[in-house]
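Please consider the structure shown below. The paragraphs that follow lead through a selection of its strands, helices and side chains.

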Amino acid sequence: MSVPAFSDWYEDILGPDFSACDIHLGPDPDGEGEAVATLVRYQEPVPGRLSVLWVHGMTDYFFHAHVAQAVAEAGFNFYALDLRKCGRSRREGQTWHYSTDFRHYFPELTAPLDIIDGAVVPVAHSTGGLIVPLWAAHLRRNDSARHARLAGIILNSPWLDMMYPRAAVRVMRPVAGVLGRVLPSVEIPGGNLGTYGVSIHKDHHGDWDFDVDFKPVGGHRKYLGWLREVLRSQRLVHDDRVDVGVPVLTLCSSTSLLRRGYCEDSHCNDTVLDTVQIQRWAPHLGADVTVLPVEGARHDVFLSRPGPLEEALTATLDWLGRR
């Protein structure tokens, strides 16, 4: 694996309290030009402090300034990573969030460990919450020195199983396995993310402002090659072939509301993933996994309404304090 090159720090799109640097990763293995990831930090890091590394999910990027502020006020450094072809990191002509192999993300997840001083706790959301455990297990097997830098992992509604009826998933797996290999660029339905998107964006029914080019309320397009890799990666979890080797805190909503249009209950449920599946599979990621359902939380628990958001932040900061 080649060593990525890093740019100098520059002011981030979130303003003067945030700075960013580009991680140059070389040619994209999926053939879409040069791959670049973006590392963001909040304020100047304090040497010797534990650092949080935020990792987003599908149709997402880092914009959660309120989380960065809370983490810093609690005495931790805060960083965030926009993965290749996502958010700040996408370059002209690249397919948003497209990857046929989640191992392609391992270099940009590893690179911050060479920039950040001291121990690191990734906080990974949704699809990121599937990718980060794969990466941590890879480090445990292949790079013990960098794995030792991980003080734990926090998962925010990780996507560990498909959120559809089991009969449909049994049919989906072999079909996606074959077609995703021979027709990887064929577009597939997007998973009805519009309900979630309008429930969080301030121009619709929500409380949060974000770039709808980076994070469309209806979601980015999705493709068979990507779906094949999601299913392959989830199967590794189900077969107990992913051991992160560090303590894990998993946060999720206590309930789901799937395959429905927007309604008031969209604000107090996960409208994207099945939280029963999250609670089932998260304990398979290692020997020390705590699962905390948060009553009334949204899919991204850190974009919930004030009560559940406060509970999620308090649990996160308490857990970090014990690292």
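In strand 8, Leu 155 stands opposite Ala 124. The model, it should be said at once, is a predicted one. Strand 8 pairs with strand 7 (residues 120-125) in the parallel sense, over three bridges. Strand 8 is also joined to strand 11 (residues 248-253) by four bridges, and these two strands likewise run parallel. In strand 11, Thr 250 is the bridge partner of Leu 155.

In a regular strand the side chains alternate between the two faces of the sheet. Is each face of strand 8 (residues 153-156) covered or open, and which residues lie on it? Both faces are covered: Ile 153 and Leu 155 are buried on one side, and Ile 154 and Asn 156 are buried on the other. Ile 153 has a relative accessible area of 1%, and it therefore counts as buried, since the limit for that word is under 20%. Apart from its neighbours within four places in sequence, Ile 153 is in contact with ten residues' worth of surroundings that include Val 121, Pro 122, Val 132, Ala 136, Leu 249 and Trp 319. Among the residues it touches, Val 132 and Ala 136 are also listed among the buried residues of helix 3, while Trp 319 is one of the buried residues of helix 9.

Helix 3 (residues 128-142) comes next. Its 15 residues reach 21 Å from the first C-alpha to the last, close to the 21 Å expected at 1.5 Å a residue. The helix is mostly covered, for 11 of its 15 residues are buried. These include Leu 130, Ile 131, Val 132, Leu 134, Trp 135 and Leu 139. What do the buried residues of helix 3 pack against? Their partners are strand 5, helix 2, strand 7, helix 4 (144-147), strand 8 and helix 7 (224-238).

Ser 126 belongs to the loop between strand 7 and helix 3. Most residues other than glycine have a negative phi, and most peptide bonds are trans. The phi of Ser 126, however, is near 55°, a positive value. At 8% relative accessibility, Ser 126 counts as buried. Gln 43, in the loop between strand 4 (34-42) and strand 5, also has a positive phi, near 55°. Gln 43 is partly exposed, with 39% relative accessibility.

Helix 9 (residues 306-321) also packs against strand 8 through its buried residues. With 16 residues at 1.5 Å a residue, helix 9 should span 22 Å, and its end C-alpha atoms are indeed 22 Å apart. An α-helix has 3.6 residues a turn, so residues three or four places apart point the same way. Among the buried residues of helix 9 are Leu 309, Leu 313, Thr 316 and Leu 320. Besides strand 8, the buried residues of this helix pack against strand 5 (51-55), helix 1 (65-73), strand 7, strand 11 and strand 12 (289-294). Near the end of the chain segment just described, Arg 323 lies over the face of Trp 319, at 4.1 Å from the ring centre. A further arginine, Arg 41, lies over the face of Trp 9, at 4.0 Å from the ring centre.

Two buried charged residues deserve attention. Where is Arg 84 found? Its place is the loop between strand 6 (77-82) and helix 2 (106-110). Arg 84 is buried, with a relative accessible area of 4%. Its side chain makes a polar contact of 2.6 Å with the side chain of Glu 108. Beyond its neighbours within four places in sequence, Arg 84 is in contact with residues including Leu 25, Asp 28, Ala 35, His 104, Tyr 105 and Glu 108. The other residue, Glu 229, is found in helix 7 and counts as buried at 3% relative accessibility. The side chains of Glu 229 and Arg 232 are joined by a polar contact of 2.7 Å. Leaving aside neighbours within four places in sequence, Glu 229 is in contact with Ser 99, Thr 100, Asp 101, Phe 102 and Arg 103.

Phe 102 leads to the aromatic rings. The count of aromatic pairs comes to 12. In one of them, the rings of Phe 102 and Tyr 105 have their centres 5.9 Å apart and their planes at 35°, so the pair is tilted. Phe 102 is buried at 0% relative accessibility, and Tyr 105 is buried at 3%. Elsewhere, ring pairs link Phe 18, Tyr 42, Trp 54, Phe 62, Phe 78 and Phe 302 into a cluster.

Notes. Residues are numbered from 1 along each chain as its sequence is written. This is a predicted model: local features need pLDDT of at least 70, side-chain atom pairs count only at pLDDT 80 or more; totals for chains, interfaces and linings use all residues. Side-chain values use heavy atoms; hydrogens and water are left out. Buried means under 20% relative accessible area, exposed over 50%, partly exposed in between (1.4 Å probe, protein chains only). Two strands pair if DSSP finds at least two bridges between them. The expected span of a helix is 1.5 Å times one less than its number of residues. Contact means heavy atoms within 4.5 Å. A polar contact is a pair of N or O atoms within 3.5 Å; within protein, one must be able to donate a hydrogen and the other to accept it, and residues adjacent in sequence count only if both atoms are side-chain atoms. Rings of Phe, Tyr and Trp (its six-membered ring) pair if their centres lie within 6.5 Å; planes under 30 degrees apart count as stacked, over 60 as edge-to-face and the rest as tilted. A charge sits over a ring if NZ of Lys or CZ of Arg is within 6 Å of the ring centre and within 35 degrees of the ring normal.
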